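User: I've got this model open on my screen. Can you walk me through some of its packing and its odd backbone spots?

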Amino acid sequence: MSPSFTRLAAFIAALGAVPTALAAPSSQAADPCAKIAGKTFMPPTDALACMKSFPFNETLRQNVLTVVSRVFDFYTFEDYYLNSPPPFQDSTTNIRAELARINQTHYQTDFDFNKDLYDFTNQLNDGHTRWFPDCYTQFQNVLPAPIVTFAKNGVPGVFVAPDSVDFISQLGTSYTSFFDAIHFNWQRLAGAHVLAINGVDPFEYAQRIAETQSGNFLDLGVRVNSAFSSYRISGNDFSQRLGDISGPQFPTQTSLTLTLVPVNSTRPETVNVPFLANYLGASFKDSADFWAVNCAVKPNTNGVDNKNLAQVAKVSVNRPKKLAKAAIVDVSAKTAIGLPSKFQPTVPSVNGSEGVIKSYVLPDKKTGVMFVGSFEPDDFFQFQTDVASSVAQFQEAGVSQILVDLTNNGGGFVCLGQFLHVYLTGTKSLGNFPNPGFQSTARANPLAQKILASDIALGLTSEVAFYAPDNWASPNNTIFSIEDNYMMPSTSRQINGQTYVESQRFQDSCPFTVDLPEDPPFDPSKIAIVGNGNCASTCAMFSTLMNERHNTKMAIFGGKPGLSMQFKGMAGNQVLEWFDIDSEVKTANLKDDPLAPPDLLVSADFRHNWRIAYSFLDEKTPIEYKSELPHFRFPYTADTYSNPQNLWTFAAKELLG
């Protein structure tokens with residue numbers, strides 16, 4: 001047995017009985033992970049063989065499910081899932097029954113167990129509440145034929161992206177040479193009209209992907225749009241998202257069968273298009289090394305006591321507590337493909353466009369565009385300065401109307417969504433509710449109540465704990481003192497026959513460093529928002545604020561014809577990662593409480609939606625479950641599906657005149 005496999009066996013033996021299937025391969029050639037070591041791209045079967053080389057371990061299952069079950073106690077929407085309200089019925093599930101099923105299922109491999117748990121949480125369709133096992137989320141399948149939807153001659157259809165050669169070539173020869181070696185001409189598929197995918201109508205196939213793989217968004221119509229490729233901002237740069245059809249998380253598909261009509265042809269043909277798996281993790285040499293770098297618990301997997309500066313320094317985590325986040329994790333966006341320069345805006349950008357916001361004045365000289373790719377910039381305070389700089393230059397240029405593009409905006413800092421809202425509309429517009437955000441609550445389960453009470457007794461502040469009262473403001477917009485227990489008395493109501501207990505209502509208290517305008521810098525009726533519905537978390541809260549408080553025009557592009565689509569994706573009020581909630585427990589000195597989850601024994605994250613935001617249109621309904629349709633719905637065209645400026649020009653004429 002090699003020394004590396006000896007280390008792996010010893011590690012798992014320490015967790016419990018070592019299954020006999022863990023015996024090391026007789027030679028390196030028989031080690032499926034050694035076969036792909038050092039490779040960036042590989043056949044999906046080879047990637048899957050590596051991941052399936054680790055046998056199922058009962059100790060790990062019990063550890064993971066205990067963590068997941070006890071974190072679900074904090075989940076704000078658990079009771080809603082027992083009978084999800086229309087039009088979100090397809091997300092209905094019994095969370096506790098599913099956990100019981102997973103606990104009783106026989107699995108051959110550790111991958112099988114984790115994939116089942118991943119799929120279950122993914123199909124909650126809440127991107128804030130998902131299980132991510134680092135061991136098995138390091139790959140992404142990539143198809144050399146990005147699938148898009150647009151209208152041709154006024155009829156919506158599905159196509160291989162006409163400019164897919166420009167997109168896919170950016171992956172380099174380590175990707176394209178595989179297809180050269182098997183004599184597969186993927187380039188000729190560019191622009192082909194897709195008539196069927198795996199034998200079914202392409203829009204129906206997209207819906208199947210939306211129902212089983214896409215996740216993240218409660219609305220089915222939004223998830224269907226997520227199945228297709230589309231432009232976005234990744235980091236601070238223009239990029240192209242593969243979409244859930246062409247870029248699924250797991251290398252479980254070896255190919256996709258397309259019935260299509262190539263460009264300059266009228267004859268349908270059926271083509272079996274191979275996937276290639278992309279490895280995105282740290283380098284490894286063999287199975288034991290793969291486990292060590294991807295699967296074994298890391299110093300920053302579990303939380304720390306934030307009162308202990310030495311612990312905080314050890315994990316090198318700098319997490320200012322006032323900066324609450326709400327963002328999804330988009331697995332289809334993992335493989336980076338830049339948006340070719342010929343599709344990027346030709347008009348010059350204005351000031352404040354160096355980060356996640358790209359701002360422009362269109363050739364009509366009256367329309368300013370803010371493409372807000374994310375609310376999670378490198379610098380929280382620079383985002384505010386960038387917005388102010390862009391608006392100032394718009395005003396200097398004589399701009400009279402604003403278009404905000406939220407395409408594929410996955411969210412970010414909660415307060416930055418509120419900042420953009422109030423900066424565009426002015427503080428006077430807030431009226432009798434002067435806070436620029438929503439009324440909010442947290443689930444007041446017994447452990448949550450203990451955490452808050454302990455934080456108060458210890459005199460903890462927002463510097464070290466999210467539960468600390470001085471993070472938040474009361475409904476009259478007064479910041480709580482560190483002694484205000486906003487869970488006492490708690491409130492309760494019936495949701496699907498269950499008693500749901502929550503805190504008193506509170507609001508965000510945001511650190512704005514830029515002076516907010518009292519009056520809107522532009523006529524609010526001359527502001528419009530466009531996107532593809534893939535607008536999640538903080539993005540969804542921003543667009544909902546603009547809709548509910550100012551009736552801002554909303555337009556969505558793409559989607560399946562005949563299927564309704566919300567203008568927002570998932571709209572939870574704040575996400576806590578596993579590290580965060582575990583740190584809350586430890587900082588409150590409650591890790592030994594019988595209700596507290598144990599430390600994870602593997603490298604993973606179980607994130608959850610920690611706060612509810614309530615609708616202004618119905619103060620008893622979370623905005624997540626408030627159906628809000630766009631005012632306008634347009635198909636993409638061949639000129640707009642990957643060309644933001646062309647889309648903005650069209651939208652400005654249609655929405656703003």
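Analyst: Happy to. Buried means under 20% relative accessible area, exposed means over 50%, and partly exposed is in between (1.4 Å probe, protein chains only). This is a predicted model, in which local features need pLDDT of at least 70 and side-chain atom pairs count only at pLDDT 80 or more, while totals for chains, interfaces and linings use all residues. Residues are numbered from 1 along each chain as its sequence is written, and side-chain values use heavy atoms, with hydrogens and water left out.

User: Is asparagine 408 buried or exposed?

Analyst: Asparagine 408 sits in the loop between β15 (401-405) and β16 (411-413); strands here are DSSP runs of E, at least two residues, and helices are runs of H or I, at least four, numbered from the N terminus. Its phi is positive, about 55°, although it is not a glycine. With a relative accessibility of 11%, asparagine 408 counts as buried.

User: And what about asparagine 589, how accessible is it?

Analyst: Asparagine 589 lies in the loop between α17 and β25. Phi is positive there too, near 60°, in a residue other than glycine. Its relative accessible area is 48%, so asparagine 589 is partly exposed.

User: How many of the residues of helix α17 are buried?

Analyst: The cover over α17 (residues 578-587) includes α4, α15 (446-458), β24 (574-576), β25 (604-606) and β26 (608-614). The buried set takes in Trp578 and Phe579, but also Asp580, Glu584 and Lys586, among others. The helix is largely enclosed by the rest of the structure, because the buried count is 10 of the 10 residues.

User: Which helix gives the largest share of the largest nonpolar core?

Analyst: A nonpolar core is a set of buried Ala, Val, Leu, Ile, Met, Phe, Trp, Tyr and Cys residues joined through side-chain atoms within 4.5 Å. The largest one has 79 residues, and Trp131, Phe290 and Tyr467 are among those with the most contacts inside it. Its largest share, 7 residues, comes from helix α4 (residues 58-72).

User: How are α13 and α14 oriented to each other?

Analyst: The axes of α13 (residues 380-396) and α14 (residues 414-425), lines fitted to C-alpha atoms over the stretch in contact, come within 10 Å. They cross at roughly 20°, on a scale from 0 to 180 degrees between N-to-C directions. Angles under 35 degrees count as roughly parallel, over 145 as roughly antiparallel, 65 to 115 as roughly perpendicular and the rest as oblique. The two helices, α13 and α14, are therefore roughly parallel.

User: Where is the cis bond that involves proline 489?

Analyst: Proline 489 is in the loop between β18 (472-473) and β19 (491-495). Omega is near -5° for the cis peptide bond, which runs from methionine 488 to proline 489.

Definitions and conventions. Contact = heavy atoms within 4.5 Å.
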